Amino acid sequence: MNVIQLWLKLAWKLRTPFILPLDLRYQVATLEQVKAIPMPPMTYTPEIRDCDDFAWVFKGMAAQAQIQAVGMVIGRGLGGLHCWNCAVTADGVFQIEPQTGETFQKKKGYYPGLVII
């Protein structure tokens, strides 16, 4: 998938034009492959190991599993500023809460602002 196709999919599904792609081409995986990425092996510690750290580590674990089209989302959720992940898959665009492993397409209370992928 080229970068324009990726940008269009993410902008449409996440309802934000603020997509920062870091590659020119993307290989998409299946939803099952994305769900098989292990959750970050960390303990939550407010302001030290919190949502942004979990999201970066999950993106790194996706890269280690050779799954490329996983990004980090910065937006509002869970009562304030929040970070989580997204994945462009052969099955659609999904969002992942890296602290719990919950996978969803759209969820009340999550408002993406910026996506780095």
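This report describes the fold, the sheet and a few local sites of one protein chain, working from a predicted model.

## Overall form

The protein contains 3 helices and 6 strands, and from the N terminus on these elements follow the order α-β-α-α-β-β-β-β-β. Its radius of gyration is 13 Å, close to the 13 Å that the globule rule gives for 117 residues, so the protein is as compact as a globular protein of that length. Taken along the principal axes, the C-alpha atoms occupy a box of roughly 40 × 25 × 20 Å.

Of the 117 residues, 41% are buried, while the accessible surface of the protein comes to about 6600 Å², with 58% of it supplied by carbon and sulfur atoms. Among contacts with a separation of 6 or more, 54% are made by residues 24 or more positions apart.

## The sheet

The 6 strands form an open sheet with mixed pairing, in the order β1-β6-β2-β3-β4-β5. Strands β1 and β5 (103-104) stand at the edges with a single partner strand each, so one side of each is left without a neighbour in the sheet. In general, the strands of a sheet pair through backbone hydrogen bonds, either parallel or antiparallel. The pairings in this sheet are set out below, following the strand order.

| Strand pair | Sense | Bridges |
|---|---|---|
| β1 and β6 | parallel | 2 bridges |
| β2 and β6 | antiparallel | 5 bridges |
| β2 and β3 | antiparallel | 8 bridges |
| β3 and β4 | antiparallel | 5 bridges |
| β4 and β5 | antiparallel | 2 bridges |

Individual residue pairs give the register of these strands. At the β1 edge, L20 of strand β1 (residues 19-20) has I116 in β6 as its bridge partner. Strand β6 (residues 111-116) also pairs with β2, where R76 stands opposite Y111 of β6.

Strand β2 (residues 70-77) has 6 of its 8 residues buried, so it is largely enclosed by the rest of the structure. Strand β2 forms a hairpin with β3 that has 2 residues between the strands, and L78 in this hairpin takes a positive phi near 55 degrees. G77 stands opposite G80 in β3.

Strand β3 (residues 80-89) forms a hairpin with β4 as well, and 2 residues lie between these two strands. Strand β4 (residues 92-96) is likewise largely enclosed by the rest of the structure, because 4 of its 5 residues are buried.

I96 in β4 stands opposite N85, and I96 also stands opposite T103 in β5. The hairpin of β4 and β5 has 6 residues between its strands, and G101 in the turn has a positive phi of about 90 degrees.

## The salt bridge

How many salt bridges does the count give? The count comes to 1 salt bridge, in which the side chains of K107 and E102 meet at 2.8 Å, N to O. K107 is partly exposed, with a relative accessible area of 31%, and E102 is partly exposed too, with a relative accessible area of 33%.

## A nonpolar surface patch and the C-terminal residue

F18, L20, L22 and L114 form a nonpolar patch on the surface, and together they have about 390 Å² of accessible area. L20, a member of this patch, is partly exposed at a relative accessible area of 41%; patch residues must have over 30% relative accessible area, so L20 meets that part of the criterion.

Is I117, in the segment after β6, buried or exposed? I117 is buried, with a relative accessible area of 2%, and its location is the segment after β6. Leaving aside residues up to four places away in sequence, I117 touches a set of residues that includes L6, L10, Y26, K59 and V88. Among the other residues that I117 touches are I19, L20, P21 and L22, together with A69, V70 and G71. L20 and L22, both members of the nonpolar patch, are thus among the residues in contact with I117. L6 and I117 are 111 residues apart along the chain, and their C-alpha atoms are separated by 9.5 Å.

Key:
Residues numbered from 1 in each chain as written. Predicted model: local features only at pLDDT ≥ 70, side-chain atom pairs only at ≥ 80, totals over all residues. Heavy atoms only, no water. Patch = residues over 30% accessible without salt bridge, like charges linked within 9 Å, V, L, I, M, F, W, Y side chains within 5 Å. Areas by Shrake-Rupley, 256 points an atom, 1.4 Å probe, with all protein chains shown as cover. Salt bridge = Lys/Arg side-chain N within 4 Å of Asp/Glu carboxyl O. Buried < 20%, exposed > 50% of the residue type's maximum accessible area, 1.4 Å probe, protein only. Rg over C-alpha atoms; globule rule 2.2 N^0.38 Å. Contact = heavy atoms within 4.5 Å. Pairing = 2+ DSSP bridges.
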